[in-house]
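The following exercises introduce a structure step by step. Please examine the sequence and the model before reading each solution.

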Amino acid sequence: MLVLALTLRIATQYQRAVIFRLGRYNRTGGPGVYFLWPFIEWQTTLDLRTKNHHCRAAGNHHARQRAIKINAVIWQRVVDPMRAVLEVADVGNAVIQVAVTTLRSVIGQHTLDDVLKEQDAIARVIEATLTR
């Protein structure tokens, strides 16, 4: 009975478990019931729900030495749990840093008038850059 309790795991609908066997990626478990060999396999559980982060004001300087501050909201969702665990140390922080860097880069390419007039076009450029 104790062995069954140690091997049986349950992941909710919005969770996935990345399972390692003796240090190597083995499989992704969930949602529902899955089994883990005690002392041979271990897991890292990820939440697949969309998370949002508030990005504090990002300042940029333009040719006329005027600084602007831009607030943004970043939505993040894990699509591939295996890659999120194996290829990035802290996926949440990495997403925020890439989004802020992209925001500053795209805004820095435009004049202040363009930033105010072309908000939708700038948003599309940022979205296209981040979803590649």
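**Exercise 1: A threonine in its surroundings**

In this predicted model, threonine 102 has a relative accessibility of 11% and therefore counts as buried, since the cut-off for buried is under 20%.

Task: Determine which element holds threonine 102 and which residues threonine 102 touches, leaving aside those up to four places away in sequence.

Solution. Step one: threonine 102 is located in helix H3. Step two: with those sequence neighbours set aside, the contacts of threonine 102 are Ile126, Thr129 and Leu130.

**Exercise 2: The nonpolar cores**

Task: Identify the members of the largest nonpolar core that touch the most other members, and state which element gives the most to this core.

Solution. Step one: the largest nonpolar core has 13 residues, and Leu103, Ile107 and Ile122 touch the most other members. Step two: two or more residues come from each of strand E7 (67-76), helix H3 (91-108) and helix H5 (119-130). Step three: H3 gives the most, namely five residues. Step four: another core of five residues lies apart from this one, and its members include Ala17, Ile19, Tyr34 and Leu36.

**Exercise 3: An open sheet**

Task: Establish the order of the three strands in the open sheet and explain why one side of each edge strand is left without a neighbour.

Solution. Step one: the order is E3-E2-E5, with antiparallel pairing. Step two: strand E3 (24-29) and strand E5 (41-47) each have a single partner strand, so one side of each lacks a neighbour in the sheet. Step three: from one strand to the next, the twist averages 25 degrees. Step four: seven bridges join strand E2 (residues 15-21) to E5 in the antiparallel sense; glutamine 15 has aspartate 47 in E5 as its bridge partner.

How values were computed: Residues numbered from 1 in each chain as written. Predicted model: local features only at pLDDT ≥ 70, side-chain atom pairs only at ≥ 80, totals over all residues. Heavy atoms only, no water. Core = buried A, V, L, I, M, F, W, Y, C linked by side-chain atoms within 4.5 Å. Buried < 20%, exposed > 50% of the residue type's maximum accessible area, 1.4 Å probe, protein only. Helix = DSSP H or I, 4+ residues; strand = E, 2+ residues; numbered from the N terminus. Pairing = 2+ DSSP bridges. Axes fitted to C-alpha atoms, helices over the stretch in contact; angles between N-to-C directions. Contact = heavy atoms within 4.5 Å.
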